Amino acid sequence: ARSSGRRMPPDHAARDVSAPPSGSKATSWPQRVSCSCTHARSQSGSQNADTALATLCGYLRHFVSDSLAATTSADEFRLGRLFRRPTVMVLEFDQADVDRLRPFLNLLVTRLLRAANREAARRPGGQLPRPLCLYLDDLPALGRLPGLETQLNTLRSRDVRVTAAVQSLTQLDHWYGPAAGEVLAGFGTKVFQPPLEQADAE
């Protein structure tokens, strides 16, 4: 799903123009299985074809970025390594890329927490062999982490320790809605550092 040079694959182009690719455009990219499938679906007559195509291309369009496509094209890391031996993993990204990378950062942290749960469940006593300390410098940058409001409590017994920072508690309200209070309650210790918004200070 990545581009070649400066050209955009027809499945991405179709999303940009809100129309399915023509047969000539699809066949001009014969090495891309997704293009032939996209073309066949667009010719099926299904009323849902355009919607399905737009949804698919909405996910794939991120990979037009050569750097993101290159990073995700290699299978060089297993989350299980973090539990087998002492490891430090640092993930740093440019703040300007947060909106573009949010789905992938969210997926990485979500999979890490699930992997920690599975690994601990296989261990005697239901705990990891060594603590997993997770520091999230900007929790809202990840968007809504599925089930975080419950995982914060269950992960504690797995010996997973989460430290997270937010600029304002209203950011939790934005992403977690009614569950924001449960997310906040899941952190046993809260530290507030001025300057603060009035609501946070109270």
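## A mostly helical chain with a two-strand pair

Read from start to end, the chain goes α-α-α-α-α-α-α-β-α-β-α-α-α. That pattern holds eleven helices and two strands; both are DSSP runs numbered from the N terminus, helices being H or I with at least four residues and strands E with at least two. Keep in mind that this is a predicted model, where local features need pLDDT of at least 70, side-chain atom pairs count only at pLDDT 80 or more, and totals for chains, interfaces and linings use all residues. Residues are numbered from 1 along each chain as its sequence is written, and side-chain values use heavy atoms, with hydrogens and water left out.

Now for the strands. Strand 1 and strand 2 run parallel and are joined by five bridges (strands pair if DSSP finds at least two bridges between them). C133 sits opposite R161 of strand 2. C133 is also on the uncovered face of strand 1, together with Y135, while L132, L134 and L136 make up the covered face. Add helix 8 and you get a right-handed β-α-β unit of strand 1, helix 8 and strand 2; right-handed here means that, with the strands pointing away from the viewer, the path from the first strand over the helix to the second runs clockwise.

What about the inside? Buried residues (under 20% relative accessible area, 1.4 Å probe, protein chains only) are 32% of the 202 in the chain. The largest nonpolar core (buried Ala, Val, Leu, Ile, Met, Phe, Trp, Tyr and Cys residues joined through side-chain atoms within 4.5 Å) has 30 residues, and F83, L139, L148 and Y176 have the most contacts inside it. These elements each supply at least two of its residues:

| Element | Residues |
|---|---|
| Helix 6 | 81-84 |
| Helix 7 | 98-121 |
| Strand 1 | 132-136 |
| Helix 8 | 148-157 |
| Strand 2 | 160-164 |
| Helix 9 | 170-176 |
| Helix 10 | 180-185 |

Helix 7 gives the largest share, eight residues.

Take L139 as an example: setting aside neighbours within four places in sequence, L139 is in contact (heavy atoms within 4.5 Å) with L145, L148, A164, A165, V166, L172 and Y176.

Helix 7 also carries N117. With neighbours within four places again left out, N117 touches Q151, L155 and R158. The side chains of N117 and R158 share a polar contact of 3.2 Å (a pair of N or O atoms within 3.5 Å; within protein, one must be able to donate a hydrogen and the other to accept it, and residues adjacent in sequence count only if both atoms are side-chain atoms).

Technical notes. Buried means under 20% relative accessible area, exposed over 50%, partly exposed in between (1.4 Å probe, protein chains only).
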